[in-house]
Structure formats: C-alpha cells, structure tokens
Amino acid sequence: MVKQTIQIFARVKPPVRKHQQGIYSIDEDEKLIPSLEIILPRDLADGFVNNKRESYKFKFQRIFDQDAKQETIFENIAKPVAGSVLEGYNGTIFAYGQTGSGKTFTITGGAERYSDRGIIPRTLSYIFEQLQKDSSKMYTTHISYLEIYNECGYDLLDPRHEASSLEDLPKVTILEDPDQNIHLKNLTLHQATTEEEALNLLFLGDTNRMIAETPMNQASTRSHCIFTIHLSSKEPGSATVRHAKLHLVDLAGSERVAKTGVGGHLLTEAKYINLSLHYLEQVIIALSEKHRSHIPYRNSMMTSVLRDSLGGNCMTTMIATLSLEKRNLDESISTCRFAQRVALIKNEAVLNEEIDPRLMIKRLQKEIQELKDELAMVTAEQRTEALTEAELLQLEKLITSFLEDQDPESRLEVGADMRKVHHCFHHLKKLLNDKKIFGNNTVSNTVSSESKDRDCQEPLKEEEYRKLRDILKQRDNEINILVNMLKKEKKKAQEALHLAGMDRREFRHSQSPPFPPGNPEEGQRMRLSSAPSQAQDFSILGNRSSLLHKKTGMREEMSLGRQEAFEIFKRDHADSVTIDDNKQILKQRFSEAKALGESINEARSKIGHLKEEITQRHIQQVALGISENMAVPLMPDQQEEKLRSQLEEEKRRYKTMFTRLKALKVEIEHLQLLMDKAKVKLQKEFEVWWAEEATNLQVNSPAVNSLDHTKPFLQTSDSQHEQSQLFSNKRFGKQLNFQEVSSHALCPQE
Ligand code: ADP
Ligand code: MG
C-alpha cells in the first residue's frame, strides 16, 4: 500500500498580451517547498477602500512557469503516475482552472504542433513503449472516454460518427453495487493493442467532443472529460491479474459567478458556475476535515466517477492551470486556494490484484497435460482417458488366471497404471457381486438343509437365522418382480412379433450419444459454460447418475436384477417420451448453435476487414494531406461512407446473431436441467415402484408365506395371480422356486 497526499502542481499560461500580465513570482529554492506569490493590486475592489491583503502565497510540489514545455510537464507530472500505473496502482491526473487557463492544452495538447502534444498522447506513447520493453508480463490495454455534461454521461468513443450534438452520443449512467463500487453502464471499453490504436481512439473521442459542442452548450468549458487507460497485467503462468486505471481528467472551467465582487465578498462567496465543481469542492472540504465520516461523493456524477481518485485507492495528481493576466488574478487565487485544500487529502493506493478463475483452470489443465506427457515419457506409451478394448480383455484374462492360480504367492501384475489398477478392482468387485448371488443360493441350500436336519445338528443362533431369512426374502422379492416384468415383456413381444427385435435396437440406439460429434472445441466450450453435456446421457448410469444417486439418497449399487428391471421400467415409462423429445430438441439446438457460432465468426472477421480498410483509407488521406500540404477533409468521402454503412450492417448482423446464440445457450441449459429433473424423477419413481412390488410380493407370495404366516393373503393384480400360480407348487418348496426363477432372471433375453 502506498499512502500519499494528492500531489499538486501549478502551471502558468503565457498571457495573450504581454502588457496584461499580472504580477507574480515563483520561489523555487531547492531547500524549500516551491511557492507562488500573486500580488493583487489594491484598485481591484472597484475603488472601495479595503484592508485586503495584497500578496497571496501558495505552496506547490512544483510550479511551471509560462515557458515550460509540454515535454517537461509530462516528464515531471505524468511520467511518475504512468509508472505506478504500470506497476498496478490506480492513477489520476486532473487539470483544474478557469476557462482559457490551459487545461485542455495541458491534458490533450495543442492542435497545431506535434511538440504541443499533451499528457494523454505522451502517456499513451510512454505506456506502450514500456509494455513493449517488458516481456516479463502480458498486458492488455483498454481505453474509455467519458464526457460529463449537466450531470449526464456520454460515451465519446461511439464509433458511429453520427453525433451532431451530445444527446446523439450513448448516455452513460452510474450503477452502484452492494459494495459501493461504481460501474458505468454504457461506457464502452475499447481494446488498444498499439499506440496507434489508442491514439485513434483519442482522436475519435476528441472529434466527437468537438462535433457535439454547440455555442449553446459550450461543452468544452462546462463539461468534464475523463480519458481512462485500463491496464491489466499478468505474469505468464500466473493466475493473478493486476488491474490499474489511469484517469486523465480535463475538468470544466472553474470560474465563479462573481468575477469581481464587492469588498469582503471578493474571493470568498463567489459561486461556481458549474454545479458539479461545487460538489467537487464539498467533497474536497469534507475529505480535508478530520473526523468527517460522510463524504458527499454521490451528489454529482463527476465525484462519483472519481471517487477512488479523491481520498481512495489511487495516486492522484492535480495540475492547477493559471492564467495570471490582471483580469484573471482573482480566479487564479481561487484556483490556488482550492489546490491547497486538495493537497491535504490522503489517498491509499493498493495493488489491485485478483485471481482469474479461468486462468486458474487453464493453468491446472496445462499442469495435467504436462504430467501426462511426463508419464508418457517415463512409460514410453501414450495414454488416453480410457483403456482400449484389447487392454480390457487382457486385464480380464489376467484376473481370471490370477483367481484360478492355486499358488498363494501368485500376483496380479498390471504395471504402474492407475487406470488398470482401478479396472482390476472394479472387475473383482463385479465378480464378487455375481458370486454373491451364487453364494446366496448356497446359503439358501444350507439353510434349508440345515433346517431339515435341525434336530440332529446343533441349533443355529436365532439372530443369524433371522438375518439369513431376511436376505432370502429380499432375493426372493427381487426375483419375483423380475419374473413379473419378464412375463409382461413376453406378452408384449408376442403382440409385436412383426416388429421383432425393434425394441431392443431402439433401446440400444437411445444409449448412443444423440448428438453429432461436431466441432470438439465447441463441444468443450459448451460443456464448460453450460450444464453437463449430452454425452452423459440419461440412459447411461455414468458419473452423473451416481450424482443423482447421491442427490436422491439412492443406493449406489444396484444388483444386476434391479438394473435390468430399471432399464425396462425406464423404457416403458411415460416420461421417456418427453425425455426423448427434449433430446431431439437439444440436438437441434446444438447444431443450430454450432452453425450460428460459425456465422458469428465470419461476421467478426468481416468487421475486422472493414475496419482495417477504413483505417487504411484514413492513413492514406493523412499522408496525402501531408504531402500536398492540404488539410484532411473532415467529412468522410463516399467510398468511406459506403464502407461505414457496410460495417454498421455487419455489426448489426453480428449483434442479432450473438443475441440469438445467447438465447440458445439459455434454452440449452434449461433443456438440460429439465432432462436432469426427469431423470431424478424416473429414478425416484422406480424406487417407489420397486419397494411397492417388493412389499406386495412379501404379502402375497406363497413362497414367502411359507416362511412368514403372520401376513394375510391378498390377491391384488393379475401378475401377482400369475406369480402365485407359478409358485403355487408347494411340493417343490422354496428351492425349486428359486432356481427356476433365477435362471430366468439371469437370462432375461430368453
Ligand atoms: P482551457 O481548456 O483551460 O479552457 P485551453 O487549453 O483551451 O484552456 O487554452 C486556451 C488557449 O491558450 C488555447 O489556445 C491554448 O492553445 C493556449 N494555451 C494554453 N496553455 C498554453 C501554454 N502553456 N502554452 C501555450 N499556449 C497555451
Ligand atoms: Mg478546455
């Protein structure tokens, strides 16, 4: 943090006529603070006898007399500020003084000589020169140019060149966020990659400023112009971005109502002609007084915009421009007094740093890629996301032989590849789960045989017995539900015999990604910016549905039977039509978005070409003007007019398409959300249905009844009727039922 009071400088303008020059002296002793003394002749107060002081003395950082060159002003005042802006601090330089005292001359420069260039062009030149020299950072520069007249803001960088009055320019308004940060709505920021581009913008703004002025509004004397250079920098590889703003401000003329007042009123009560300067003064007064908690920034647009520059996060410099002709002495004294107050204001400039999340992501992605490359180098093989079909097969073979190997020392060697290790675990788990079904079979065998021989064997513990019985019940239910489904399926299949095989194919079809591959980059972008992609489709129990499981509190693992049942449930569910429809729409939208993206890129490059052409024409015209010593025509010629209208047309087209793309994106995101919701609903309904089926079966199944006689017998549906018939052969008891059904359940295709 840099704590600093606002730096004040004075610049004296050469008089129009020598003999009108007032009396003043500059004392610039090296050891002392420089001071300016103005002598006010006694006759100034309209012949009234007054006891007013004759001499007024003011201290400044430095005082630049009439002969000071623009170069000197830049070197001493602007360069240090530009330097801190390059470091990442905010900076402001504002010129304050009466009309005609040289504010515009100082800030922008004289219109005639190159050497009369003011602070803005010189600062731009300096900044771009520094940026070029410094290869340790990446910089981006944007320019904005705001004019405030009568409490209204206008964007001077409106490229339409149509403004014949200020009101034709886009109106800029102030927005304040909850953190009291000021945002300027409608003020365009134009990127400038070179000094030329930045100067073109300055030129465009000054032209608009000029065109917009009428004798009626006298904009140049009554308005404030704020030229802002926005600089962002970051070191390569870093995600920290520094933002700094440099405001170069040409304030409205500071003249007051009473030019020469009477007696004691002189220089004390004269009111500003410009109301916002009055508010600026109030802000300055409030800031220079200790213990003032409320600073009235909000009273005017100018003080709101310059809020940071006045007592905030900024290194601020004021240039008091003085016209020390006799008739202007009183105004000059006012200007100097104002400067003395300003000098009391303390600012605290901090580095404006922030982490850019996009850059962070990019950096991490890069890191991942580098690690992958490194890995590929070490293992001498290129790795993709997934294992290939051949690799999977190879692994499964390895696992089988590992499991079959009787040697307790045998090992499962897959190498240092986490994908393979993970796959092995998954495969083993799957085998184990499959085994469990078999295992239960054995358990049920054991249970029944044990129950038969219960008398002759040691009795099982009651608890263990109950546990086993529960598992048995559960499995039984599962199988019964599946049998029901299978039967229904069979019926349906028979009905639609002529369409044999269709169902299955369609089902498979619905599992393949519904969208064309398209441009991978675009896909990537869409995926980044919007909700999950279409590839994670609802038919696939992938990452996303495991997320759904978590959301809905469902169990992660479904037994094979249940999975199969879910697939059928899903297919037959009414919502699947809606989901399919949405998928279709989504597909359309994606291809529309893709096509639109391409057209937008085309329009963008067209705009670039047209702009380039116009600039080239300008350069040619200027060159022609210089070589033939002619003034550059102010009005654009016909050819240029044509180019401009083409440019406008292209911009309109671009805007329309862009708006449509934005709308499409919203729609796509919305559709994806809808599909998400549908999936969750489906899962939930399946769970409910499954639970219902299970309880119904528990109640009705004679097989279960044989174990649990306490529940009443209820026939509720056809399927259950069939079910009970299927299982009604009590002679074969539990074992038969189970084996019969399980063979069905495991081969649903039959
Ligand atoms: P302001 O913007 O304060 O109203 P200007 O910058 O327009 O004043 O200056 C008024 C006139 O005085 C202009 O013609 C300008 O070229 C001239 N002028 C101002 N300051 C100087 C200076 N330091 N040296 C030479 N001419 C100057
Ligand atoms: Mg001016």
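## Strand pairing and the ligand 1 site

I174 has L184 as its bridge partner in β11. The model described here is predicted. L184's strand, β11 (residues 182–185), is joined by 4 bridges to strand β10 (residues 171–176), and the two run antiparallel. The hairpin that β10 and β11 form has 5 residues between the strands. In that hairpin Q180 takes a positive phi near 65°.

**The chain as a whole**

The chain has 750 residues, of which 41% count as buried. Its secondary structure consists of 21 helices and 17 strands. Contacts between residues at least 6 apart in sequence join residues at least 24 apart in 73% of cases. The chain exposes about 43600 Å², and carbon and sulfur atoms supply 55% of that area.

**Strand β8 and its partners**

Strand β8 (residues 138–149) pairs in the antiparallel sense with strand β13 (residues 224–234) over 11 bridges. One of the residue pairs here is I148 with H224, its bridge partner in β13. β8 also pairs with strand β12 (residues 190–191), again in the antiparallel sense, over 2 bridges. For I143, the bridge partner in β12 is H190.

A further antiparallel pairing, over 4 bridges, links β8 to strand β9 (residues 152–155). In this pairing E147 stands opposite Y154 of β9. The hairpin of β8 and β9 has 2 residues between the strands, and N150 takes a positive phi near 55° in it.

**T228 in strand β13**

T228 lies in strand β13. Is T228 buried or exposed? The relative accessible area of T228 is 4%, and T228 therefore counts as buried, the cut-off being under 20%. The side chain of T228 makes a polar contact of 2.9 Å with the side chain of H247. Beyond its neighbours within four places in sequence, T228 is in contact with two runs of residues: H142, I143 and S144, and K245, L246 and H247. I143 is thus a contact of T228 as well as the bridge partner of H190 in β12. H247, in turn, is both in contact with T228 and joined to T228 by the side-chain polar contact.

**The ligand 1 site**

Ligand 1 is surrounded by R11, K13, P14, Q98, T99, G100, S101, G102, K103, T104 and F105. By residue class, this shell divides into 2 nonpolar, 6 polar and 3 charged residues. Helix α2 (residues 103–107) gives the most to the shell, with 3 residues.

Oxygen atoms of ligand 1 lie at the following distances from polar backbone atoms of the protein.

| Ligand 1 atom | Protein residue and atom | Distance |
|---|---|---|
| oxygen | G100, polar backbone atom | 2.7 Å |
| oxygen | S101, polar backbone atom | 3.3 Å |
| oxygen | K103, polar backbone atom | 2.8 Å |

Taken alone, ligand 1 exposes 560 Å², and the protein buries 65% of that area. G100, S101 and K103, which appear in the table, are among the residues that surround the ligand.

Note on methods. Residues are numbered from 1 along each chain as its sequence is written. Chains are lettered from A and ligands numbered from 1 in the order in which they are written. This is a predicted model: local features need pLDDT of at least 70, side-chain atom pairs count only at pLDDT 80 or more; totals for chains, interfaces and linings use all residues. Side-chain values use heavy atoms; hydrogens and water are left out. A residue is near a molecule or strand if one of its heavy atoms lies within 4 Å of it. A polar contact is a pair of N or O atoms within 3.5 Å; within protein, one must be able to donate a hydrogen and the other to accept it, and residues adjacent in sequence count only if both atoms are side-chain atoms. Accessible areas come from the Shrake-Rupley method with a 1.4 Å probe; for residues, only the protein chains shown count as cover. Ala, Val, Leu, Ile, Met, Phe, Trp, Tyr, Cys and Pro count as nonpolar, Asp, Glu, Lys and Arg as charged, and the others, Gly among them, as polar. Buried means under 20% relative accessible area, exposed over 50%, partly exposed in between (1.4 Å probe, protein chains only). Contact means heavy atoms within 4.5 Å. Two strands pair if DSSP finds at least two bridges between them.
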